[in-house]
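Please open the model in your viewer and keep the sequence beside it. The tour below goes from one selection to the next and says what is there at each stop.

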Amino acid sequence: MQPAAPYPTRTTPHFQVRDVDFAYPDGQPVFRGLNLAAHAGEFLVLLGPSGCGKTTLLNLLAGFMQPDRGHVCLASAAVQPENPALGYVFQSPQLFPWLNALDNVRFGLRMAGHHDAAEQRERALHYLALVGLADAAGRLPHQLSGGMQQRVALARTLALEPTVLLMDEPFAALDAITRMKLNEETLRLWSLLKQTVIFITHDIDEAVFLADRVVVLAPAPGGIRSELNIDLPRQRSQATRRLAQFAEYRNTLTECIAGLQPAACSAP
């Protein structure tokens, strides 16, 4: 099963954030004059401390929030809520406890009115198999581990076949071993499906492992502190984490987060 629509080329700006100002209702500013572009097929990671506006930026990209000034565009059109090209993976799986894994994946398809019940089931089973859960289709959420629940949530989003995945710290609550496995699984799916991914994390190792490019956000309203291209070989594995270059990228980003000048964040 292939995505419903062809993907743009890698040089096409999929997302553009242009001169965006945003403040909370109490007047607290989050962004002032923010500019950011994500290219088609890119794995872009947003990294920064709590309070820097990572989730707010993701919500602006999703159309859940609107900027006070400036523009957020997807393929040159203003982003609208519930755009079918966008898929959102939340910090927690948010599964319905009374539905089994198959019906949790089917739920989004049903709400979107995609296909009849038989086709929904076929597509849901396809994406459960894609995330390694073909044998868990009949299990309820409480019968699944945390990592398996997050895979079901990912399959539910992938079943809608978006061209862009917005992922808000989806593995933050998992143990380190499970998290590393799901990092590899995410890259496998990204390589297969060719989607644009914008991924939020607090974890520097996770950022380096996943990203084509890491954008470091400063505490609000500081906006983008620096950007760092990650030139590590694909496919990545646990051996990637032992590379000297991986350690150099990690150290560079650690210094950035610790408060060094933006110029310090350049490729090693």
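Is A244 buried or exposed? At 57% relative accessibility A244 counts as exposed, because exposed stands for over 50% relative accessible area, buried for under 20% and partly exposed for what lies in between, with a 1.4 Å probe and protein chains only. The place of A244 is in helix 7, where helices (H or I, at least four residues) and strands (E, at least two) are DSSP runs numbered from the N terminus. If you select L182 as well, you will find the two residues 62 apart in sequence and, C-alpha to C-alpha, 23 Å apart in space.

Before going on, please note that this is a predicted model, in which local features need pLDDT of at least 70 and side-chain atom pairs count only at pLDDT 80 or more, while totals for chains, interfaces and linings use all residues. Residues are numbered from 1 along each chain as its sequence is written, and side-chain values use heavy atoms, with hydrogens and water left out.

**Confidence along the chain**

Colour the chain by pLDDT, which is the predictor's confidence in each residue, from 0 to 100. The protein chain averages a pLDDT of 89, and 92% of the residues score at least 70. Now select residues 1–9, where pLDDT stays under 50 and for which the model has 16 contacts beyond four places in sequence, a contact being heavy atoms within 4.5 Å. Where pLDDT is low, the predicted coordinates should not be read in detail.

**The open sheet**

Next, show the strands in the order 6-7-8-3-9-10: these six form an open sheet with mixed pairing, where two strands pair if DSSP finds at least two bridges between them. Strand 6 and strand 10 (224–229) are the edge strands, each pairing on one side only. On average, neighbouring strands of this sheet are turned by 15° against each other, direction ignored.

Start at the edge formed by strand 6 (residues 86–89), where L86 and Y88 point one way, G87 and V89 point the other way, and all are buried. In a regular strand the side chains alternate between the two faces of the sheet. Strand 6 pairs with strand 7 (residues 164–168) in the parallel sense over four bridges, and V89 stands opposite M167 in strand 7.

Then move to strand 9 (residues 213–217), which pairs with strand 10 in the antiparallel sense over five bridges. Here R213 stands opposite N229 in strand 10. Helix 7 (residues 244–257) packs on the sheet and touches strand 3 (43–47), strand 9 and strand 10, and its direction makes about 175° with that of strand 10; axes are lines fitted to C-alpha atoms, for helices over the stretch in contact, and angles run from 0 to 180 degrees between N-to-C directions.

**Two packed helices**

Select helix 2 (residues 101–112) and helix 3 (residues 117–130), which pack at an angle of about 120° with their axes 9 Å apart. That makes helix 2 oblique to helix 3, since angles under 35 degrees count as roughly parallel, over 145 as roughly antiparallel, 65 to 115 as roughly perpendicular and the rest as oblique. Among the residues making the contact are V105 and L109 of helix 2 and A124 and L128 of helix 3.

Stay with Q120, whose place is in helix 3 and which counts as buried at 6% relative accessibility. Leaving aside neighbours within four places in sequence, Q120 is in contact with R106, L109, R110, H114 and H115.

**A buried asparagine**

Select N183, which is found in helix 5 (residues 176–193) and counts as buried at 2% relative accessibility. Not counting residues up to four places away in sequence, N183 touches F171, E206, F209, L210 and R241.

**Backbone details in the loops**

Finally, look at the backbone in four loops. The peptide bond from A220 to P221 is cis, with omega near 0°, and P221 has its place in the loop between strand 9 and strand 10. The peptide bond from R234 to Q235 is also cis, with omega near 0°, and Q235 lies in the loop between strand 10 and helix 7.

A75, in the loop between strand 4 (69–74) and strand 5 (77–78), has a phi near 50°, a positive value in a residue other than glycine, and A75 counts as exposed at 51% relative accessibility. Q94, in the loop between strand 6 and helix 2, has a positive phi of about 55° although it is not a glycine, and Q94 is partly exposed, with a relative accessible area of 47%.
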